[in-house]
Amino acid sequence: MKGIRQLAEHLDISIGTVSRALNGKADVNEETRRRVLEAADRLGYVANQSGRSLRKGSTGVIGFMMQTGPEITGQGDTFFMSVFDGVQTVFARHKLDLVALLCSSDEDPDAYLQRVVARGFADAIILSATRLHDARFELLARHNIPFITLGRSQTDVGQPWIDLDFEGMAEVAIERLVKSGHRHIGLIWPHGDLNLGHVFVQQARDVLGRHGLSLADNHIFRATPSETGGYGVARQIMACETRPTAVVLVNETLVTGLYRGLEEVGLMPGKDIAIIGRQSSQAQFLQPSLTCFSLSLRDLGISLAESLLSVMPEYQAHYPDAVKRKLWPMELIEGQSG
């Protein structure tokens, strides 16, 4: 059995009565409601979701836009999977479904989102990989589509956002390295024009400046967020005329490749060069142990979902105290690498 018409014919009840019973309307007596629900369960009734969406003016789907590609998500990146788990934990309370909107690295993200919006695919959007200037914000605002961003941008339309506290990470990491005697410190910048890279580099420059130090341009290393990207940075470090004695990694997936690459060029992590990164499942077995910043990705996902629902009229009463904008803290875990 697939539809409401077949269910109504089986019970010899009008389609309208069956519909009201399935949707919990108060004008259906309990005996009829019980018969309808039992029959629906027994016979495998499946609601016509497209019809429901037309009647309600919503789809029950929230889209999470992220970029994909062999150099971005093709090598075991678990960051988003852990965030998704927290997001869907909240959406399940309201029978909402999270759908990943996968924009290929070969496609313009603005054009991709325009296509999603034109199709009316989702009731709301979560955006990641926010850029320094991001036209996607203005697109969603023009179409009155609720959205939240995992990250900030200089483009600001008043939307809620949650971002990792990259300023705090830079502050703690650079202060730690300077205190340990390092004067030539490098940073590994994520690919593209991501806002987090600009935020992190600026804060690092500010901290170094307080100590009369500077960040050399050739000590800002560009890398794709993957083990291969980290591996390549090792040779860039070795090629520097004055090589950094310490590096800080913003992205968590680079570090295993960086360790391997450094060892191949004769630099021992934690001895010849200090390394501070971010905790990940890939890094937990590294030797020497990684000095890293940790956070609960599942809790981050929960907060993202609750903040988004708090600006959607149908759900906002459930989340009156949800944060609208927050820098998500990260905790330093001391290891042997830096």
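**A serine, a strand and a leucine in the predicted model**

The side chain of Ser-337 comes to 2.6 Å from the backbone oxygen of Ile-275, a polar contact (a pair of N or O atoms within 3.5 Å; within protein, one must be able to donate a hydrogen and the other to accept it, and residues adjacent in sequence count only if both atoms are side-chain atoms). The structure is a predicted model, in which local features need pLDDT of at least 70, side-chain atom pairs count only at pLDDT 80 or more, and totals for chains, interfaces and linings use all residues. Residues are numbered from 1 along each chain as its sequence is written, and side-chain values use heavy atoms, with hydrogens and water left out.

Ser-337 is found in the segment after β12 (331–333); helices (H or I, at least four residues) and strands (E, at least two) are DSSP runs numbered from the N terminus. Ser-337 counts as buried because its relative accessibility is 1%, where buried means under 20% relative accessible area, exposed over 50% and partly exposed in between (1.4 Å probe, protein chains only). Beyond neighbours within four places in sequence, its contacts (heavy atoms within 4.5 Å) include Tyr-259, Pro-288 and Leu-290.

Strand β1 (residues 61–68) is largely enclosed by the rest of the structure, because seven of its eight residues are buried. Strands pair if DSSP finds at least two bridges between them. Eight bridges link β1 in parallel to β2 (residues 97–104), with Phe-64 opposite Ala-100. Four more connect β1, again in parallel, to β3 (residues 124–127), where Ala-124 is the bridge partner of Ile-62.

Phe-64 is also among the contacts of Leu-304, a residue of helix α12 (residues 297–309). Leu-304 is buried, at 0% relative accessible area. Its C-alpha atom lies 7.9 Å from that of Trp-161, 143 residues away along the chain.
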